[in-house]
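Me: Can you walk me through this model? I'd like to start with how the helices pack.

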Amino acid sequence: LIQERGYKVIPLAALMAALGDSAAPLPERAVVLTADDGHRTVYSDMFPLIQRLKIPVTLFIYPSAISNADYAMTWAQLAEMKASGISSRRILTARFS
């Protein structure tokens with residue numbers, strides 16, 4: 001639906017580059033997709049879509065929830081997503097202590 005309406009999904013890194021350098025062009029109607037916390041629906045629902053549509057997505061993962069919280073993905077699922085061969089995907093983790 002996003003692509004059908006003329007939006008161009010770009011990697012977060014492309015947006016950051018453009019914000020830091022006015023010479024870095026962005027396509028018209030550029031959007032960035034992110035998902036937070038590693039909810040299991042990112043794996044079950046979103047992952048098949050991003051693979052099929054070949055669009056970049058950045059995941060911000062809360063590591064203490066992975067494989068521990070009942071709502072969260074497992075480390076094996078995250079590894080599968082990372083190893084999917086789609087190089088534009090990034091999985092970012094943060095440790096809060």
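Reply: Sure. Helix 2 passes helix 3 in a left-handed crossing (the near helix is turned anticlockwise from the far one by less than a right angle; clockwise would be right-handed). Helices here are DSSP runs of H or I, at least four residues, and strands are E runs of at least two, numbered from the N terminus.

Me: Which residues make that contact?
Reply: Val42, Tyr43 and Phe47 of helix 2 meet Gln77, Glu80 and Met81 of helix 3, with contact meaning heavy atoms within 4.5 Å.

Me: Hang on, is this predicted or experimental?
Reply: It's a predicted model, where local features need pLDDT of at least 70, side-chain atom pairs count only at pLDDT 80 or more, and totals for chains, interfaces and linings use all residues. Residues are numbered from 1 along each chain as its sequence is written, and side-chain values use heavy atoms, leaving out hydrogens and water.

Me: OK, rings. How many aromatic pairs?
Reply: The count is one aromatic pair. Tyr43 and Phe47 are stacked, 5.8 Å centre to centre with 25° between the planes. Rings of Phe, Tyr and Trp (its six-membered ring) pair if their centres lie within 6.5 Å; planes under 30 degrees apart are stacked, over 60 edge-to-face, the rest tilted.

Me: Where do those two sit?
Reply: Both lie in helix 2 (residues 40-53), four residues apart, about one turn of the helix.

Me: And what's the overall layout?
Reply: Three helices and five strands, in the order β-α-β-β-α-β-α-β along the sequence.
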